[in-house]
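I opened my notebook to look up a few things in this structure. Here is what I went through.

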Amino acid sequence: MNTTNTFHSIEDIQTKKEELKKKLHTRSNVISSLWQDLTTVKKTDDKGELVVGMVSKGIMAFDAFLTISKLYRRYGGLFKRKKRR
């Protein structure tokens, strides 16, 4: 990929700037639509999907608890007050 650009006039620079703005705008739209797809909660009427979702959230909560307890055991000394002499 050749990234060297040669500009001979201010119009060349403005044209390249407009091209980059259009590319940035299209990429921004793609990213925002993907982000919205990831963050929106989808309603499910199927009881099987509801149960699977609840189990998944339970496993995630249990994993978070284990991770926090492991980190606290390993680095808990950082949060304790030091004794003054």
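Which residues form a nonpolar patch on the surface? I found Leu71, Tyr72, Tyr75, Leu78 and Phe79. Together they have about 630 Å² of accessible area. I note here that the model is predicted.

Next I took one member of that patch, Leu78. I located Leu78 in the segment after helix 2, which spans 47–75. Is Leu78 buried or exposed? Its relative accessibility is 67%, and exposed means over 50%, so Leu78 counts as exposed.

Then I turned to the whole protein. I counted 2 helices and 0 strands. The chain has 85 residues, and 2% of them count as buried. How much area does the protein expose? I noted about 9,200 Å². Carbon and sulfur atoms supply 61% of that area.

My last stop was Phe7. I found Phe7 in the segment before helix 1, which spans 10–39. Why does Phe7 count as partly exposed? Its relative accessibility is 38%; partly exposed lies between the 20% cut-off for buried and the 50% cut-off for exposed, so the label fits Phe7.

I also looked up what Phe7 touches. I left aside its neighbours within four places in sequence. Phe7 is then in contact with Asp12, Ile13 and Lys16.

Technical notes. Residues are numbered from 1 along each chain as its sequence is written. This is a predicted model: local features need pLDDT of at least 70, side-chain atom pairs count only at pLDDT 80 or more; totals for chains, interfaces and linings use all residues. Side-chain values use heavy atoms; hydrogens and water are left out. Patches are made of residues with over 30% relative accessible area and no salt bridge: like charges are joined within 9 Å, nonpolar side chains (Val, Leu, Ile, Met, Phe, Trp, Tyr) within 5 Å. Accessible areas come from the Shrake-Rupley method with a 1.4 Å probe; for residues, only the protein chains shown count as cover. A salt bridge is a side-chain nitrogen of Lys or Arg within 4 Å of a carboxyl oxygen of Asp or Glu. Helices (H or I, at least four residues) and strands (E, at least two) are DSSP runs, numbered from the N terminus. Buried means under 20% relative accessible area, exposed over 50%, partly exposed in between (1.4 Å probe, protein chains only). Contact means heavy atoms within 4.5 Å.
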